[in-house]
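User: I would like to learn to read this model feature by feature. Please give me the general idea each time, then the case at hand.

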Amino acid sequence: MQEERKSRVQSQQQKKQQQTKLLVLILVVVLIGACAVLFLHGAGESETPEDVVPPGETVDADTTSDAGGTEPEIIIPVVSEEDSWKTVLVNSSHALADGYVPELVTVDNTSFKFDARAAEDLNTMLQDARTEGLAPMICSSYRAWERQTALFEKQVAKQQATGLSYEEAYEKAKSVVAYPGTSEHQTGLATDIVATSHQLLDDSQAETAEQQWLMENCWKYGFILRYPLGKSEYTGIIYEPWHYRYVGKEVAQYITENDLCLEEYWQLVENQQAQ
Ligand SMILES: [Zn+2]
């Protein structure tokens, strides 16, 4: 009798154990299923990031069109008041404040001077280019007022020597050499960089490995190629594949990704501020 009872208890225990095993199995299956769903969902998201814009993707710069407020608003990065020195516009119609002289430091391994606030980025850019096996060389950077004035006067004299009157020579000189106060080199934020193996300041400079690396990477260090190909109507300056200008990393990236020159950037900023 006792034996029979014992076996019944054992059988009940076995049944209970089997039920528990089944329950555990169901739980495991459900958990695996849930994990798989979460994993697939997560993987799907990482394949289609919504907030990453591929490099080179352009933003429609035509802010004058009236889209009726249905198009997403384009936000042009504008530096703070404190950083306004970075994006200063200097060209034939935007002269520097009279007598403006930034705090200057000497660029590593050269005798050239650059704005102290941007020199570290310039040094890093040149160093990284050298690490890539390239040999970039600065051939001009900060230019003092006196130097720009001397260059301009020399050009006037050169033009007068061709038989032009002083007034004619003066006007002609303005198209060749920046009038004092209107040269970017006076900001301390512009530098002419050439390949050590090819120092000509003409279009052929663009073919050097040094320029190709600089043109592709300079924005990462806060620089732009200031007078790019096809932008002379805005800049008033011929294509200069050697003249780099510091504008800070955020604005350099925006200008590069949207294929702008500094004049176009400023036009967009003004349009944005007028809205
Ligand atoms: Zn230059």
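The dialogue below goes from the overall fold to single residues.

User: What should I know before I start?

Analyst: This is a predicted model: local features need pLDDT of at least 70, side-chain atom pairs count only at pLDDT 80 or more, and totals for chains, interfaces and linings use all residues. Numbering runs from 1 along each chain as its sequence is written, and side-chain values use heavy atoms, with hydrogens and water left out.

User: How many helices and strands are there in the protein?

Analyst: Helices (H or I, at least four residues) and strands (E, at least two) are DSSP runs, numbered from the N terminus. The protein has 8 helices and 6 strands. Along the sequence they follow the pattern α-β-β-α-β-α-α-β-α-β-α-β-α-α.

User: What share of the residues counts as buried?

Analyst: Buried means under 20% relative accessible area, exposed over 50%, and partly exposed in between (1.4 Å probe, protein chains only). Here 35% of the 275 residues count as buried.

User: And what share of the contacts links residues 24 or more positions apart?

Analyst: Contact means heavy atoms within 4.5 Å. Take the contacts with a separation of 6 or more: residues 24 or more positions apart account for 68% of them.

User: Now the interior. Which residues have the most contacts inside the largest nonpolar core?

Analyst: In soluble globular proteins, nonpolar side chains tend to be buried together. A nonpolar core is a set of buried Ala, Val, Leu, Ile, Met, Phe, Trp, Tyr and Cys residues joined through side-chain atoms within 4.5 Å. The largest one has 23 residues, and Phe-114, Leu-122, Met-125, Ile-193 and Phe-223 have the most contacts inside it. Helix H2 (119-131), helix H5 (209-217), strand E5 (223-225) and strand E6 (243-246) each supply at least two of its residues. H2 gives the most, with 5 residues.

User: Which residues is Leu-122 in contact with?

Analyst: Leave aside its neighbours within four places in sequence. Leu-122 then contacts Val-107, Phe-114, Ile-138, Thr-191, Ile-193 and Phe-223. Another core lies apart from the largest one; it has 14 residues, among them Val-79, Ala-252, Tyr-254 and Leu-262.

User: At what angle do helix H7 and helix H8 cross?

Analyst: Axes are lines fitted to C-alpha atoms, for helices over the stretch in contact, and angles run from 0 to 180 degrees between N-to-C directions. The axes of H7 (residues 249-257) and H8 (residues 262-274) come within 10 Å and cross at roughly 100°. Angles under 35 degrees count as roughly parallel, over 145 as roughly antiparallel, 65 to 115 as roughly perpendicular and the rest as oblique. H7 and H8 are therefore roughly perpendicular to each other. Val-251, Tyr-254 and Ile-255 of H7 make the contact with Leu-262, Tyr-265 and Leu-268 of H8.

User: How do the residues of that contact divide into nonpolar, polar and charged?

Analyst: Ala, Val, Leu, Ile, Met, Phe, Trp, Tyr, Cys and Pro count as nonpolar, Asp, Glu, Lys and Arg as charged, and the others, Gly among them, as polar. This contact has 6 nonpolar, no polar and no charged residues.

User: Is Asn-258, in the loop between H7 and H8, buried or exposed?

Analyst: Asn-258 is buried, with a relative accessible area of 10%. A polar atom of its side chain lies 2.8 Å from the backbone oxygen of Tyr-254. Asp-259 lies in the loop between H7 and H8 too, but Asp-259 is exposed at 54%. Phi of Asp-259 is near 55°, a positive value in a residue other than glycine.

User: Where is Asn-109 found, and what is its phi?

Analyst: Asn-109 is in the loop between strand E1 (104-106) and strand E2 (113-115). Its phi is positive, about 60°, although Asn-109 is not a glycine. Asn-109 is exposed, with a relative accessible area of 71%.

User: Last, the loop between strand E4 and H5. What does Asp-202 contact there?

Analyst: Asp-202 is found in that loop, between E4 (190-195) and H5. At 31% relative accessibility, Asp-202 counts as partly exposed. Beyond its neighbours within four places in sequence, Asp-202 contacts Pro-241 and Trp-242. A polar contact is a pair of N or O atoms within 3.5 Å; within protein, one must be able to donate a hydrogen and the other to accept it, and residues adjacent in sequence count only if both atoms are side-chain atoms. One of 2.4 Å joins the side chains of Asp-202 and Ser-204.
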